[in-house]
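Trainee: Please pick a single part of this model and take me through it closely, together with its surroundings.

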Amino acid sequence: CAFLMPFVAKAQYEILPFGDVIRTPIKEKKYTDVEGTPYLIDKWSKGKVTLKNGKRYQYDSLRYNLMDDKLVFIDAGKMMHFAEPVAEFEINDGKTGNLIYKNGLPAVDALNTSSFFQIINRDKIGLYKKVSKSITESKQYGSAVVNKTFNTTYSYYSLKNGIFSKIVPNKKSILALFENKENQLNEYLKSQKVDFKNDADLEKIFTYLNK
């Protein structure tokens, strides 16, 4: 029978095989005529998953499909999705390190509580990032050939007092969230080189202002 091996007792993660994790085989949708990838990271990556039931597991083969907003994994050579809902997962992007995604946030725009958001900062006033993909079509002038590519978009959302709202990450919007902290932010911007398009810089700003 399947068994579970402890990964790190403190973290309460468990290693494959999955034991009582229910998984469902899926047939991967092939985008043979589309340039690019529907996934956040095209290769299979290591990561950790927390299910809605509280159980945690470590995986060697995770991929996050941005087209259908689902996390998938490989088991016995087959692509699977989780029958038990996923609450949060951590995946290594091979560049900046581990990215953490979670759902269960308030519905906003066309997104619902099942939608996954990257956690940039989850202090009292938090910052989250939504990465989405869509297929765009184009063709050169005079050509009948339609070129299809995956287009990636990034949106940022703040969570304050239970209100989840879309923001543009800049000084003005951050000051609107952190009322009466203009002096602190100005001091921070004078002492630190900040790129508002950089997630690591945004995380540091929110950490500083949340103190």
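**A strand and its surroundings**

Mentor: The protein has 3 helices and 14 strands (DSSP runs numbered from the N terminus, H or I of at least four residues for a helix, E of at least two for a strand). This is a predicted model, in which local features need pLDDT of at least 70 and side-chain atom pairs count only at pLDDT 80 or more, while totals for chains, interfaces and linings use all residues. Residues are numbered from 1 along each chain as its sequence is written, and side-chain values use heavy atoms, with hydrogens and water left out.

The part I choose is strand β10, residues 98-102. Its side chains alternate: Leu 99 and Tyr 101 point to one face and are buried, whereas Asn 98, Ile 100 and Lys 102 point to the other face and are not. Buried means under 20% relative accessible area, exposed over 50%, and partly exposed in between, with a 1.4 Å probe and protein chains only. Over the whole protein of 211 residues, 38% count as buried.

β10 pairs with strand β9 (residues 86-92) in the antiparallel sense, over 5 bridges (pairing requires that DSSP finds at least two bridges between two strands). One of the positions concerned is Asn 98, the bridge partner of Asn 92. β9 and β10 form a hairpin with 5 residues between them, and Gly 94 in the turn has a positive phi of about 75 degrees. β10 also pairs with strand β11 (residues 117-121), again antiparallel, over 2 bridges. Here Tyr 101 stands opposite Gln 118 of β11.

Tyr 101 also belongs to a cluster, linked by ring pairs, with Tyr 64, Phe 89 and Phe 116. Rings of Phe, Tyr and Trp (its six-membered ring) pair if their centres lie within 6.5 Å; planes under 30 degrees apart count as stacked, over 60 as edge-to-face and the rest as tilted.

Two members of that cluster, Tyr 64 and Phe 116, are among the residues in contact with Asp 69. Contact means heavy atoms within 4.5 Å. Leaving aside neighbours within four places in sequence, Asp 69 also touches Ser 114, Ser 115 and Lys 130. Asp 69 is found in the loop between β6 (56-65) and β7 (70-75), and counts as buried because its relative accessible area is 15%. Its side chain makes a polar contact of 3.0 Å with the side chain of Lys 130 (a pair of N or O atoms within 3.5 Å; within protein, one must be able to donate a hydrogen and the other to accept it, and residues adjacent in sequence count only if both atoms are side-chain atoms). Lys 130 also lies over the face of Phe 117, at 5.5 Å from the ring centre. For such a case, NZ of Lys or CZ of Arg must be within 6 Å of the ring centre and within 35 degrees of the ring normal. Another case is Arg 63, with its charged end over the ring of Trp 44, 4.3 Å from the centre.

Aromatic pairs number 15 in the structure. In one of them, Tyr 31 and Phe 150 have ring centres 5.1 Å apart and planes at 80 degrees, so the pair is edge-to-face. This pair links distant parts of the chain, 119 residues apart: Tyr 31 is in the loop between β3 (23-25) and β4 (34-35), and Phe 150 is in strand β13 (residues 147-160). Both Tyr 31 and Phe 150 are buried.
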